[in-house]
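Could you walk me through this fold, from its overall dimensions down to single side-chain pairs? I would like to see how the strands, the cores and the charged pairs fit into one picture.

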Amino acid sequence: MKNRLRRRGILTTVTPRGTDWSLALLVAAGVVSGLATWFAGSPGGAWVFAAHAVAGGCLAAVVVVKLRRVLPRVAPASVAALTLVTLVLGSGLVWASAGSTYLAGYSVLAWHAALGGALASIVLAHALARAKRPRRRDLADRRQFLLAGAAAAAALGAWAAQRPLQRALGLPGAERRFTGSYDAGSFTGNDFPTTSWVADDPAPDTHPVALAGRVRRQLAVAPAELDRGDELTATLDCTGGFSSRQAWRGVRLGALLDEAGVEPGAAHVRVISRTGYRWSFGLEHARGLLLATRVGGEPLSHGHGAPCRLVVPGRRGFQWVKWVERIEVHEDPDPGALASTVLSSFSAAGRGRRTDRR
């Protein structure tokens, strides 16, 4: 009897509601931190990736508690949920350790994100249908607090030990960037992966790049005039899981802004692709960005955004706008930029149809 109670000790420490709410909150933390990684491209944002990993470790610990509780009366739904959680955690671990791996034509990182989204949807639906309001003892019990702290400490320790262990074992994960991305074709000119945020695939085009908005003089700069010898070495870090450091050449965006003359009150710059894809930057930040026409001494290929693409050091690849057609100066940021990164793939230009813009 004593051994039985000892085995059940952790179950009586964590209440059923405490377990369920912990699972829900940790899944939410994993989703939020996972989405935040898309916007963390500089070393200062490394803590976001650490938080995502620690949330995953804590989730694994709580799943063990949940499994021990439901195992005597396990149901098909519980088995399915546990399988999904295991796939989410396992795919993240495989990507972080085994290198750039693919399954059915998609990277394991893409599977990790898709499975995480499915898990979040199921947890949300379950919470809306069956969640019970937590009681005081589900939240304020000292033993539960200590157990939660122990789980967090263990997850943090596992995250800290991950890289040294991978190096000791010679695993590819030891060489990945802090973002989790693996090197692909650094300093090889155009010989690195060509990807788009969703599915933009415009037809080749050589129209001038326009600069308009809150400027004293509008510009229309031919592609050949954009190669002014300005150089910048920067790492393109794609949320799809690869990174590539390249030497880019073209013209500083600040030079074009000075040529056009920015009007008082202007504070934001929108860089717009011919597909409608766009992103907004603060004016001072935008001045240091590069409109690249060449990479590694080679003319930029169409797949990489020819005739010119934006180079944004310290930001993830989806903000490096390709096939730049227009630059606009505004007083306010662009609230529709994020939506444009999806909608552009459904536009006529984004699908590769030529459009008459005369």
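What follows moves from the whole chain to its strands, then to its cores, salt bridges and surface.

Let us begin with the ground rules. This is a predicted model, in which local features need pLDDT of at least 70 and side-chain atom pairs count only at pLDDT 80 or more, while totals for chains, interfaces and linings use all residues. Residues are numbered from 1 along each chain as its sequence is written, and side-chain values use heavy atoms, with hydrogens and water left out.

Seen as a whole, the C-alpha atoms of the protein chain fill a box of roughly 85 × 45 × 35 Å along the principal axes. The chain holds eleven helices and 13 strands; helices (H or I, at least four residues) and strands (E, at least two) are DSSP runs, numbered from the N terminus. Of its 358 residues, 41% count as buried. Here buried means under 20% relative accessible area, exposed means over 50%, and partly exposed lies in between (1.4 Å probe, protein chains only). Among contacts with a separation of 6 or more, 72% come from residues 24 or more positions apart, a contact being heavy atoms within 4.5 Å.

Now to the strands, where two of them pair if DSSP finds at least two bridges between them. A good place to start is E13 (324-330). Four bridges join E4 to E13, and these two run parallel; six bridges join E8 to E13, and that pair runs antiparallel. Valine 329 in E13 shows both pairings: glycine 213 stands opposite this valine, and so does valine 269.

A second set of pairings involves E7 (residues 242-252), which two bridges join in parallel to E3 (residues 182-183). In that pairing, tyrosine 182 stands opposite phenylalanine 242. E6 (residues 230-237) runs antiparallel to E7, joined by eight bridges, and the bridge partner of aspartate 237 is serine 243 in E7. The hairpin of E6 and E7 has four residues between the strands, and there glycine 241 takes a positive phi near 110°. E7 also runs antiparallel to E10 (residues 290-295), with five bridges; one of the paired positions puts tryptophan 248 with valine 295 in E10.

Tryptophan 248 leads us to the interior. The largest nonpolar core has 46 residues, of which Leu211, Trp248, Leu253, Leu291 and Leu310 touch the most other members. Such a core is a set of buried Ala, Val, Leu, Ile, Met, Phe, Trp, Tyr and Cys residues joined through side-chain atoms within 4.5 Å. Leucine 253 touches Val269, Val271, Ala286, Arg287, Leu289, Leu291, Leu310 and Ile327, leaving aside residues up to four places away in sequence. There is also a second, separate core of 14 residues, including Leu26, Val62, Leu119 and Ala155.

What about the charged residues? A search of the whole structure finds twelve salt bridges, each a side-chain nitrogen of Lys or Arg within 4 Å of a carboxyl oxygen of Asp or Glu. In one of them, the side chains of arginine 214 and glutamate 331 meet at 2.3 Å, N to O. Arginine 214 lies in the loop between E4 (209-213) and E5 (219-221) and glutamate 331 in the loop between E13 and H11, so the pair ties together parts that are 117 residues apart in sequence. Arginine 214 is partly exposed at 23% relative accessibility, and glutamate 331 is partly exposed at 44%.

Another salt bridge joins arginine 270 and aspartate 334 (4.0 Å, N to O). This pair links E8 (residues 268-273) to the loop between E13 and H11, 64 residues apart. Arginine 270 is buried at 16% relative accessible area, and aspartate 334 is buried at 10%.

Arginine 287, which we met touching leucine 253, forms a salt bridge with glutamate 284, with the closest N and O atoms 3.9 Å apart. The two are three residues apart in helix H10 (residues 283-287), so about one helical turn separates them. Arginine 287 is partly exposed at 25%, whereas glutamate 284 is exposed at 61%. Elsewhere, Arg177, Asp237 and Arg316 are linked in a network of salt bridges.

Finally, the surface: the chain exposes about 18,700 Å², and carbon and sulfur atoms supply 62% of it.

Note on methods:
Areas by Shrake-Rupley, 256 points an atom, 1.4 Å probe, with all protein chains shown as cover.
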